[in-house]
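Visitor: I'd like to go through the labels on this one and hear the reasoning behind each. Can you walk me through it?

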Amino acid sequence: MTTLLDQAQVLAVGIRLDLEMLRSAPWYELGGGSCVRCGIGLTPETTVELGRHDYRIDDWVDYTSTCRPRLCRPCVPPQLRDTASAVAAEDAEPPLPHHLRPLACGLAVALRALVPVVETAAARHPARSPHRVCAAAGLVEARVRLHHPPHPGATPHRRFAHAQRLARSVVCLLDHAARLTTYREAEAP
């Protein structure tokens, strides 16, 4: 059975930590000693690598710092949801052009990892269950968005709009996965 915790390392590809979180985190969290979201100590079994993050310590200092933060497995889905929600927001600022492609690719990888998780969770519910029907609609929409990327020569505005659509599907599938795994419907008579 595929679950969100099983796919935690794959889902982490779509996570980008916001600047304020990086600026306020203690040095041992930024170095990967503990979870950057909840602060819990990490073991090799619970660690999820987030990769390299570059950030400016202060706006007035022209110096870029680098860190390699980590999350614990239970913090990956909520942090991915935070990242995707920030991208999907109507007032979201488009990232710099060289950050746009990695952002869209990370969201697409996370979305591809979420599809089997939601399918597995939906299969445990009755065929006409409202949660299963809604999840099926979300899966169809996610597959359409994955299979129709913008044209390679598209403007940055169109590429960011595509990244926002991917982010909305990530949020949608995370919500469906949470509903399907926590809510058990009574068996039909």
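Guide: Sure. First a cut-off: buried means under 20% relative accessible area, exposed means over 50%, and partly exposed is in between. Keep in mind that this is a predicted model.

Visitor: Why is V13 called partly exposed?

Guide: V13 has a relative accessible area of 47%. Partly exposed is the range between 20% and 50%, so V13 counts as partly exposed. You'll find V13 in the loop between α1 (8-11) and α2 (19-24). V13 also joins V10 and V109 in a nonpolar surface patch, with about 200 Å² of accessible area together.

Visitor: What makes α5 roughly antiparallel to α6?

Guide: The axes of α5 (residues 97-123) and α6 (residues 130-147) cross at roughly 155° and come within 10 Å. Angles over 145 degrees count as roughly antiparallel, therefore α5 gets that label relative to α6. The crossing of α5 past α6 is left-handed.

Visitor: How do you know that D175 and R81 form a salt bridge?

Guide: Their closest N and O atoms are 3.0 Å apart. The rule asks for a side-chain nitrogen of Lys or Arg within 4 Å of a carboxyl oxygen of Asp or Glu, so D175 and R81 qualify. This pair links distant parts of the chain, 94 residues apart, with D175 in helix α7 (residues 156-182) and R81 in helix α4.

Visitor: And is R81 buried, exposed or partly exposed, and why?

Guide: R81 has 31% relative accessibility, so R81 counts as partly exposed. D175 comes out at 23%, which also falls between 20% and 50%, so D175 is partly exposed. On the C-alpha level, R81 and L174 are 7.1 Å apart in space, though 93 residues apart in sequence.

Visitor: Why is R145 called buried when R145 takes part in a salt bridge with E141?

Guide: The two labels rest on separate cut-offs. R145 has 18% relative accessibility, and buried means under 20%, so R145 counts as buried. The salt bridge with E141 has an N to O distance of 2.8 Å, and the rule needs that pair of atoms within 4 Å. E141, at 40%, is partly exposed. Both R145 and E141 lie in helix α6, four residues apart, about one turn of the helix.

Visitor: What makes D54 and R52 a salt bridge too?

Guide: Their side chains meet at 3.0 Å, N to O, and the limit is 4 Å. D54 at 41% counts as partly exposed, and R52 at 47% counts as partly exposed.

Visitor: How many salt bridges does the rule give?

Guide: The count comes to six.

How values were computed: Residues are numbered from 1 along each chain as its sequence is written. This is a predicted model: local features need pLDDT of at least 70, side-chain atom pairs count only at pLDDT 80 or more; totals for chains, interfaces and linings use all residues. Side-chain values use heavy atoms; hydrogens and water are left out. Patches are made of residues with over 30% relative accessible area and no salt bridge: like charges are joined within 9 Å, nonpolar side chains (Val, Leu, Ile, Met, Phe, Trp, Tyr) within 5 Å. Accessible areas come from the Shrake-Rupley method with a 1.4 Å probe; for residues, only the protein chains shown count as cover. Helices (H or I, at least four residues) and strands (E, at least two) are DSSP runs, numbered from the N terminus. Buried means under 20% relative accessible area, exposed over 50%, partly exposed in between (1.4 Å probe, protein chains only). Axes are lines fitted to C-alpha atoms, for helices over the stretch in contact, and angles run from 0 to 180 degrees between N-to-C directions. Angles under 35 degrees count as roughly parallel, over 145 as roughly antiparallel, 65 to 115 as roughly perpendicular and the rest as oblique. A crossing is left-handed if the near helix is turned anticlockwise from the far one by less than a right angle, and right-handed if clockwise.
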